[in-house]
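Colleague: Could you take me through one part of this model closely, the interface of chain A and chain B? I would love a connected account.

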Amino acid sequence: MIAPLLQGFLDEFERLEAAMPGYEQAWLRQLRRDRLDAFVTSGLPGRREEAWKYTPLKGLEQRAFALPRGSALPPPLPPPLDAVRHRLVFVDGRFAPESSRLPADAEIEFLPLSEVFRNHDAAARFRIARLMGSGEDALDHLNAALATDGLLLRVPAGRSVREPVHLVYLGSKQSSGRAWHLRGLIELEGGARLRIVEHFYDGGEEAELSSVINEIQLAADAELELVRFQDMGARSILLSRTRLQVEARGRLRITAIDRGGELVRSEWLTTLRGREAHGDIAGVARLRGRQHADQVVEVRHLERDTSAEVRFRGVAEDQSRAVFTGTLHVAPGASGAETRLSSRNLLLSPQAEVDTRPVLEIHHDEVVAAHGATVGQLDPEALFYLRSRGFSETMARAILIGAFLEEISIRLPEPRFAEWVSSRMGLDHPLPWGGEKT
Amino acid sequence: MLEIVDLHVSVGGTPILKGLDLRVPRGEVHAIMGPNGAGKSTLAYVLAGKEGYERTRGDIRWDGKDLLSLAPEQRAIAGIFLAFQYPVEIPGVNNAYFLRTAVNLKRKARGEPELDAVEFLRAARERLRLIGSDDGLLQRGLNEGFSGGEKKRNEILQMLMLEPELAILDETDSGLDIDALRLVASGVNALRSPERAFLVITHYQRLLEHIVPDRVHVLAEGRIVASGGPDLAQRLEREGYGWLAERRRASEALG
Ligand SMILES: Nc1ncnc2c1ncn2[C@@H]1O[C@H](COP(=O)(O)OP(=O)(O)OP(=O)(O)O)[C@@H](O)[C@H]1O
Ligand SMILES: [Mg+2]
């Protein structure tokens, strides 16, 4: 017998296929069917699969989720998004033009994927066929079969976009048990510069399953700074995967904060393809209740003199579980590569759990590689010191957690946004969270 | 008035304080001297409310109220302050932010208006001048990478800003150079008043030349074994603690 989740998606697909954007394109119709078949054949990953060892999804197969119908009203945007100039909003897996704005002077090419599905020339077809065809595990199959929208973004060569582009992914939660999927492609042409802020959040506490897969390509000399604040509802399941390719001298800086969700997987799969390509990837998981977050970072050094720095900080409270897997891979030809990884974690309750796995795969002698992982507790001496000065225990803990996260939190771009993030994380003290120091 | 009666305290099951009696009225400065390991810091920690220090017998009262029933932060708000022998380094917490928050927590509890950043800085600078420091320390992480002497000055700065009613100084003089010692002492003297009580723990008579105590007590083996005026400190400086032990043995033999 086929599991309810798989059967549910098959039935939903059958009902909704003809209404999917681009249904009239035979190649796309076929691609979706093939990928759905592949998903049903493989099923969700279980404990046996090394990459999903601490986050087996098999159990989810007993639940069923419905694809969204019609378009939902977006819940109110969080305050830091009010005043931003560039924002692209997706509600329940669909582009929401009425909530989005991207003035022409932004000099960015943007199209919703749904529109390109319906109407494309040969060059565009090649781009999206590659995008929809990439990846080969269950998550890639599921997402490719069911994603009906997403973003196609391109910054032309040499352009430097001053204002950050805010990408807002949200669930309306207008009914329980929804599933939505998005796929996207972001291209920075040679020497282009872009800042992106990704927001994930929900309009309620209903159960929800979502998947977001983005491909990001940095051509030679391009620079991307990407900040993510994931603040989904307490019953949301989010599976996200970002594949990043960096060509020669390209520079990548990622700051990813996972705060919400019931079960969250965040993957940052980076390939440094050109000489002197650089990746700086940092993240935080701040978990409470029964939250489970699984953060995955992979950096593949393919060329000479590439460099990477990976720093993740986990804070697990109550019965939550923080999982981190960081893989540094240096290919045989990558002489002069430098690669570093640190994973530091705070366990705030005896029922919480942290699993951290640094993995080094070094196939060249002339490289610098370092990694370290720690799991500790709040320092009782520091707690007492603060309390002896009149800070309540709750305040003292919040301050120490804030201090522990400070080297990552100072990377948050604007004070207004940084303050919002810190208050959402229960660290609502103006400092040490206060945006980039001058 | 601080009143300690027959205090017994164990740490990890080991008795450290064994029947300690001490009374410090407001307006007075009492010095506590005694050999290493005697229990001086233990007494300081018990007064401030550190976890893991178990009272097995006896009482501590401040103005007649049971001090041991209060959480450390409640004691701080009630006006108790401990200058730590070994101040803790807390990287990532800005010193100025920390101190302003501490000051405002106390002001709020007393129903006084909070200090804004400008008012705070003005007040802090005044105190810093008193102890011969500039405001460089304020902009750094709390005690982060501070030298021994800087840490001690930072403790005194906190004391001056928090204006406690009972201040306990645990070896604030050790690690200070001669000039710093004088400045720190002048900081303490500036705070002396009929409403405040001080308990100054030290190994050296030199500090007591600058902060002249009303009483000097010797803490040894978990108890106060001798008390006297400032001249007791001078005798200890000259002769050490040996004569006290002999005197005690003699009186025990007689008893
Ligand atoms: N956590 C602990 N576990 C076991 N013994 C402890 C602990 N803390 C302190 N002690 C012991 O208690 C005794 C008193 O220590 P305390 O620090 O109070 O001495 P002190 O008088 O302050 O000494 P010093 O002059 O060296 O600062 C010492 O023998 C010390 O080893
Ligand atoms: Mg001591």
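Modeller: Happily! Lys50(B) pairs with Glu381(A) in a salt bridge, with 2.9 Å between the closest N and O atoms; the term covers a side-chain nitrogen of Lys or Arg within 4 Å of a carboxyl oxygen of Asp or Glu. The count between the two chains is 3 salt bridges. This is a predicted model, where local features need pLDDT of at least 70 and side-chain atom pairs pLDDT 80 or more, while totals for chains, interfaces and linings use all residues. Residues are numbered from 1 along each chain as its sequence is written, chains are lettered from A and ligands numbered from 1 in written order, and side-chain values use heavy atoms, without hydrogens or water.

On the chain A side, helix H6 (380-387) and helix H7 (393-409) are the elements that each give two or more residues to the surface touching chain B; helices here are DSSP runs (H or I) of at least four residues. By class, that side has 12 nonpolar, 4 polar and 6 charged residues, with Ala, Val, Leu, Ile, Met, Phe, Trp, Tyr, Cys and Pro as nonpolar, Asp, Glu, Lys and Arg as charged, and the others, Gly among them, as polar.

In total, chain A brings 22 residues to the contact and chain B 32 residues, counting heavy atoms within 4.5 Å. The buried area is about 2100 Å², 69% of it from carbon and sulfur atoms; this is the accessible area (1.4 Å probe) lost on putting the two parts together, summed over both. Phe384(A), Tyr385(A) and Arg389(A) supply 38% of what chain A buries against chain B, more than any other three residues.
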